[in-house]
Amino acid sequence: MGFWVYLLRCRDGAYYAGHAEDVEARVTQHQSGVIKGFTSSRLPVKLVWCAEFPTRYEAIVTERRIKGWSRAKKEALIAGDWERLSILARNRQDDGRPSTSSGRTAVVNPGAS
């Protein structure tokens, strides 16, 4: 069983990055407001991107990386625009706009999977 990293687009246009073992169940939890926090006050949310990873550790590392990205980089990822994503990755300042996520994530034992 793999682990998923996902991006949600919130009602206000903000993006939320997360990870889960079952992405469909997790999105349903976000949609219902069961998960309190960033998305609960921005409902409804829509799944706009996800990818599977073999270990929880790889998923968490990817989630944290994406949370630090600018809106432009997140939108290039969602669009599958690898050329733009590559350009933005080389330009450390991205587009000058701040990230649209809280940047917070739980700390998990990296040795566990």
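Read from the N terminus onward, the secondary structure of the protein follows the pattern β-β-α-β-α-α-α. This is a predicted model, and the pattern comprises 4 helices and 3 strands.

The strands form an open sheet of 3 strands in the order S2-S1-S3, with antiparallel pairing. S2 and S3, the latter spanning residues 45–53, stand at the edges with a single partner strand each, so one side of either strand is left without a neighbour in the sheet. On average, neighbouring strands of this sheet are turned by 20° against each other, direction ignored.

The pairing may be followed strand by strand. S1 covers residues 3–10 and is joined to S2 in the antiparallel sense over 6 bridges. Within this pairing, arginine 9 is found opposite tyrosine 15 of S2. The hairpin of S1 and S2 has 4 residues between the strands, and glycine 13 adopts a positive phi near 95° in this hairpin. S1 also pairs with S3, again in the antiparallel sense, here over 8 bridges. Tryptophan 4 has glutamate 52 in S3 as its bridge partner.

How well covered is S2, the strand of residues 15–20? Although S2 stands at an edge of the sheet, the strand is mostly covered, with 6 of its 6 residues buried. The residues of S2 point in two opposing directions: Tyr15, Ala17 and His19 point one way, whereas Tyr16, Gly18 and Ala20 point the other way. All of these residues are buried, whichever way they point. Here a residue counts as buried when its relative accessible area is under 20%.

A helix is also placed against the sheet. Helix H2, made up of residues 56–67, lies across S1, S2 and S3. With respect to S2, helix H2 runs at about 175°. In the sequence, H2 begins at residue 56, after strand S3 of residues 45–53.

Values for the whole protein complete the description. The protein has 113 residues, of which 40% count as buried. Its accessible surface comes to about 6,600 Å², and carbon and sulfur atoms account for 50% of that area. Of the contacts between residues at least 6 apart in sequence, 63% join residues at least 24 apart.

Definitions and conventions
Residues numbered from 1 in each chain as written. Predicted model: local features only at pLDDT ≥ 70, side-chain atom pairs only at ≥ 80, totals over all residues. Heavy atoms only, no water. Buried < 20%, exposed > 50% of the residue type's maximum accessible area, 1.4 Å probe, protein only. Contact = heavy atoms within 4.5 Å. Areas by Shrake-Rupley, 256 points an atom, 1.4 Å probe, with all protein chains shown as cover. Pairing = 2+ DSSP bridges. Axes fitted to C-alpha atoms, helices over the stretch in contact; angles between N-to-C directions.
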